[in-house]
Every structure is written in C-alpha cells, then in structure tokens.
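Visitor: I am new to this structure and should like to be guided through its strands and its surface. May I put my questions one at a time?

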Amino acid sequence: MKHFILAFLFLALSSRAFAASCCGGGFAFPALIMGDDKAQITSSLSYGQVTDEVLPNQKWIKRGDDNHSQTFKIEAATLLTDSLQSGISIPVVSRQVANEDSTGMGDISLNLGHETFPELSYSR
C-alpha cells in the first residue's frame, strides 16, 4: 500500500518529466559475479526500433524510415582473488535506417570490482 501511495504522489506532483532511450540492456557492472563461481561468460541479444519522434516544439510525428538496431553482447568475468574480480563486455551493433545497413563494434568496457565489506556470517 505504501508503494501505491508513493507512486501516486510522485506522478501527481511531478510537473514535467524527461526521458530518453538509453543503453540497451545495460547495467553499471554487467559481468559481476554474484555467486560461488570462479568465472562466467554471458551473452545477450537486444532489439530496438524507433517508430515515433517528438520534435523540440513538442509535436509528435510518426517515422517511416524503418529505423531499428540489434545489439549482440558477450560479457565475461573472472575472479582475480577472493575479493577482486575483472570483466569485459564486447558488443556488436547492427543498425538499419532507411534500407541502409551498418554493422560494427560498440563501446567495449573493462570492469574491475572489489568486495570491500564481505559478509562474514552465514545465514540461510
């Protein structure tokens, strides 16, 4: 019930909201090892399509240029020590705009994580 009231107040009292599409399927640290594994490799495939556009004068128009993209991402992480790990994320992006195709590498990211405050007690 508290969540419903909070969401209602947030929506009712907000006068203007800005939003943008961003970072298909992104986390801040996508290759973080959360379990008892020494290493992990994951992959993901995302699809996005732009169907409408809002102009600076707040006019909403329908786009007809068949603008869409697919991103295939491979992510890997490994433990360096018990509290230190590293990871890499390699995306391949394929875009099509008005029947023109292009494919290339996306932004490659390297990650380094450290467990500063480890849980020292066991809990079920």
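Visitor: Which residue of β3 is the bridge partner of Lys73?

Guide: The model is a predicted one. In it, β2 covers residues 60-79 and β3 covers residues 84-97, and the two pair in the antiparallel sense over twelve bridges. Within β3, the bridge partner of Lys73 is Pro91.

Visitor: How many residues lie between β2 and β3 in their hairpin?

Guide: The two strands are antiparallel. Ala77, for instance, stands opposite Gly87 in β3. The hairpin that β2 and β3 form has between them a stretch of four residues.

Visitor: Gly87 has a bridge partner in β5 as well; which residue is it?

Guide: Strand β5 spans residues 109-114 and pairs with β3 in the antiparallel sense, over six bridges. Gly87, which Ala77 faces in the pairing with β3, has a partner in β5 too. That partner is Asn111.

Visitor: Which residue in the hairpin of β3 and β4 takes a positive phi?

Guide: Strand β4, residues 100-105, runs antiparallel to β3 and is joined to it by six bridges. Val92 and Met105 of β4 are bridge partners. Two residues lie between the strands of this hairpin, and the positive phi, near 50 degrees, belongs to Ala98.

Visitor: Which residue stands opposite Gln40 in β2?

Guide: β1 and β2 pair in the antiparallel sense over 15 bridges. They form a hairpin with five residues between them, and in its turn Gln58 has a positive phi of about 70 degrees. In β2, the residue opposite Gln40 is Ala77.

Visitor: Which residue forms a salt bridge with Asp52?

Guide: The count of salt bridges comes to three. One of them has a distance of 3.9 Å from N to O, and it counts because the cut-off for such a pair is within 4 Å. The pair links distant parts of the chain, ten residues apart, with Asp52 in strand β1 and its partner in strand β2. That partner is Lys62.

Visitor: Which elements give two or more residues to the nonpolar surface patch?

Guide: The patch is about 760 Å² and is made by Ile41, Leu45, Phe72, Ile74, Ile90, Val92, Met105 and Ile108. Among these, Val92 has its place in strand β3. The elements that give two or more residues are β1 (39-54), β2 and β3.

Visitor: How do the residues of the lining of the second largest pocket divide into nonpolar, polar and charged, and what are the counts?

Guide: About 300 Å³ of space lies in this pocket. The lining has 14 residues, and those nearest the centre are Ile33, Met34, Gly35, Asp82 and Glu115. Two or more lining residues come from each of β3 and β5. By kind, the lining residues are five nonpolar, five polar and four charged.

Key:
Residues numbered from 1 in each chain as written. Predicted model: local features only at pLDDT ≥ 70, side-chain atom pairs only at ≥ 80, totals over all residues. Heavy atoms only, no water. Pairing = 2+ DSSP bridges. 1 Å grid on protein atoms, 1.4 Å probe; cavity = no way out; pocket = protein on both sides within 12 Å on 5 of 7 lines; lining within 4 Å. Points joined across faces, edges and corners; volume = space filled by probe spheres on them. Nonpolar A, V, L, I, M, F, W, Y, C, P; charged D, E, K, R; others polar. Patch = residues over 30% accessible without salt bridge, like charges linked within 9 Å, V, L, I, M, F, W, Y side chains within 5 Å. Areas by Shrake-Rupley, 256 points an atom, 1.4 Å probe, with all protein chains shown as cover. Salt bridge = Lys/Arg side-chain N within 4 Å of Asp/Glu carboxyl O.
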